Structures are given as structure tokens and as C-alpha cells.
Amino acid sequence: MDHVLASPARGGPDRGPWAGELIGVVRAVAGGLLFGVPLLFTMEVWWTGTRTSPTQMVAVLSLLFIPLLVLNRTEGFRGQRDVRLVDAAADSIEAMAIGIVVAAVVLVLLRELTLDTPVGVWLGKVLYEAVPFCLGIGVARHFLHGGRTGDDDDGDGDGAGRQRIQSGYSEDLADLGATTIGAAFIALAIAPTDEIPMISATMTPAWLLVMVAATLLFSYAIVFVAGFAGQEGRRRQQGPFQHPLTETLVCYLVALAVSLFLLWMFQRGQLPAEDLLTRIIVLGLPASVGGAAGRLAL
Amino acid sequence: MVRRDPRTGAEWVTLAVSCAVLALVVGLIAVQFRGGRSDAAPRAEVVGQERTVGGQHFVTVEVENTGDATAANVQITADLVIDGETTSGDQTVDFLAGHETERMVFVFDDPPSDGALTVAVTGFAVP
């Protein structure tokens, strides 16, 4: 018998269709970032993209559609599961497009793609980097969510938030600890690599400011907009750092501190202050994404 | 069987924009197919003015792959001949895609303007 999932539709019962759709897209972007960021800092993937033939590009694009279709039939990035094949196919097309756009934006942010980059290289790099982004989008609804049948933001989110409030321990301390663990978890594998100095060498002061702004935006979107577990509860938490903007800012500083520590630990921090700051900000991007995931997961 | 709510207007817009993005990507790939692919052909030349820093002379060299195929491990050599004495330097570019350009700097103790400076690509691998 047919029945409709009593979920908060595409973003919530009291949101309009446009706001709900926007949140769905932000959720997709957030899921893609959580999955795709580590691979962005792998130069071998950049090189693979550089020497990719058009035939390989078509193959990657076509083969990517298959796991996305499967994922969208069971999870996807919307508030409701796609069970009909036609809905899953439509959402798979959207997931591919969002993954490609987000991968391209982050590669531009890292200056791996510029206006001087040949079109073939743009395509190759973006398509290979988009693979983990698209897979992340395919599981965005389930990612850090905790259930297949449950509904998204308003459901589990409230419960998780209430439990956190009722437990009585310091929310600020918990958030800072979770950010530290999440940031270290992701950045630990990236800090010792040559990609950080390579990317840092291409940065200008103005570009670093863009990077800081983008990192804050990603972190805010993942924790407070995407509708992942605990979002509504987080918004109601009490404490000096619990306002969404304050929490995002403070946790970014924690991610930068973790980046500094990791660079020092891997003996990559013995630099003039300006160069060190550049590397900290570059590593701060994956560290912040990891920190955001940590706050949602722990 | 479970079904989803009908797609909203907003979702149709997202789908339309997504189709446009994918159509653009597929179109660009098709252009890559149509254009054919000539073999890799990296070339090197001196660009810009020579700089002197701390008594050393910096020469900027640009290497461009004028072919369509990617060149790997591109070796660039710079030879400076002054009074019959040759000073050489070499550098490697890991990957140089078709029509991609990279810049590098060679450093000499003597001023290149006092002699004959030659820069050239001496070899590359076909990946």
C-alpha cells in the first residue's frame, strides 16, 4: 500500500518550498564537503585530472551515476527518501551537478584552477574531485543523522539537543573538545603532506581573506543550516559561545590552533610568521570541516 | 511501497539548473573530443627582466606545452656561456597539460647579460 513518509517534507513543515529546497541544497553541499575535502588536498588526484582523456571523463561521469542512483533510492540529500526510480534519477542528476559545482568552487579557492587553466584540465580535475563530493551528497541525509526511517532536522535534532541540555555538562567545553577532535581527525592526515606548502605558495593576502570567509561559511552551513542531527537543539543551547555565529567563530579559532599544533608536530611550522599564517589558514579549511563534523557527531 | 511528495516548483528549478550544469560539462567534454589531440610539445623561453638579489641573478623562464596531450617530467635546462665557460641549471615540471604554462626561476652567479643564455626543454615523458 502506498503511503507518504510523515517527514518534514523538503526542509520542514513550517518552511516554504523555496526555503526547504535551499536547505536541501545546503545539506547536499555540506555532505559533499564532509566527504570530499580530504581528497582535495591530494596532488596525485590533481595530476590524474590533468592527464585525463575525454573518454575517461565520460566514463567517470557515467559510472558515477550508478552509485548515486543506488544511494538516492535509499538515502539521498533530501528530507524524504527517494523510492521511485524517476525521483532517485532526478536527485542523482542534482547530486552530480552540485558535486561538480562545489568541487570546482573549492579547487578555485585552493587556486588549483585559475582563469589560465586549460578547459581540459578544468574538466579533468573537477570530475575526479567531484566523485567523493557526489558520494557525500548521496549519503547526506543519513550522514551524521542516525537513522534511515527518521526525519531530518526537526525530529532527531530536537531530541539530541534536549539530551545535551538535560545532561548538564558544559556545552561550551563539549563543543570545543569535539571541534578539536574532529579537526585533528581530518587535518592529521593532511598536515604532513606537501600539498599544504604547495597551495600556500599560490596564496595572496586577498585570497587568504576569501579563504577565511569561505571556511567560516562552510562551517556554519554544516552545523546550523544543513539540518543534520542536533541542529535545532544546538540553536537552543545556553552558554557564552552557543550563539551560532559565536560558536562558528570560536570553533574556527580552535581549528586554526589545531592546524598550528599539527604543523609544529610535523616540523612544518618553522617559518616566518606570514608564511606560517598562510599555511595555518590553508590547513584550517579541512580542519574546520572536520571540527564541524566533530560537533555534530560527538 | 513508499512514495515521496510530488516535486515542488523549487525542486523543478533545482533540477533544471542541474541539467544545465551537466549539459555544459558534457558539451565541454564533447568539444575536447572534437578538437583532436596533438602530441605534447613543451617549449621554454625567458620572460620578463632579469633580477639581481644579493649578488645573484634571477632569470624567469616560462615553459608552455603547445600540444594537446599532457607531458610528464618535463626537463628544462638553462645554459649560460660566458667567455667559453658554461654554467648550467635544470628543473623539472611533474605534469604539464596541453596548453598549460608554468613559470620557474633559474639563478646564476654571473649576470646573464654578460654572456649567451640558452633555455630549452631537453626531454619529457609521455604519461
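B:E50 counts as partly exposed because its relative accessibility is 33%, partly exposed lying between buried (under 20% relative accessible area) and exposed (over 50%), with a 1.4 Å probe and protein chains only. B:E50 is placed in the loop between β2 (42–46) and β3 (51–53) of chain B. This is a predicted model, in which local features need pLDDT of at least 70, side-chain atom pairs count only at pLDDT 80 or more, and totals for chains, interfaces and linings use all residues. Residues are numbered from 1 along each chain as its sequence is written, and side-chain values use heavy atoms, without hydrogens and water.

On the surface, B:E50 joins B:D83, B:E85, B:D109, B:D110 and B:D114 in a patch of negative charge. Such a patch takes residues with over 30% relative accessible area and no salt bridge, like charges being joined within 9 Å; a salt bridge is a side-chain nitrogen of Lys or Arg within 4 Å of a carboxyl oxygen of Asp or Glu.

B:D83 also lies in the turn of the hairpin formed by β5(B) and β6(B), where two residues separate the strands and B:D83 has a positive phi of about 55°. Strands are DSSP runs of E, at least two residues, and helices are runs of H or I, at least four; two strands pair if DSSP finds at least two bridges between them.

| Strand pair | Sense | Bridges |
|---|---|---|
| β5(B), residues 71–82, and β6(B), residues 85–96 | antiparallel | eleven bridges |
| β5(B) and β8(B), residues 116–125 | antiparallel | eight bridges |

B:T77 has B:D90 as its bridge partner in β6(B), while B:D79 stands opposite B:T118 in β8(B).

Chain A contains twelve helices and one strand. Of its 298 residues, 55% count as buried.

Conventions: Chains lettered and ligands numbered in written order. Patch = residues over 30% accessible without salt bridge, like charges linked within 9 Å, V, L, I, M, F, W, Y side chains within 5 Å. Areas by Shrake-Rupley, 256 points an atom, 1.4 Å probe, with all protein chains shown as cover. Lys, Arg positive; Asp, Glu negative; His and termini not counted. Charge placed at Lys NZ, Arg CZ, Asp CG, Glu CD.
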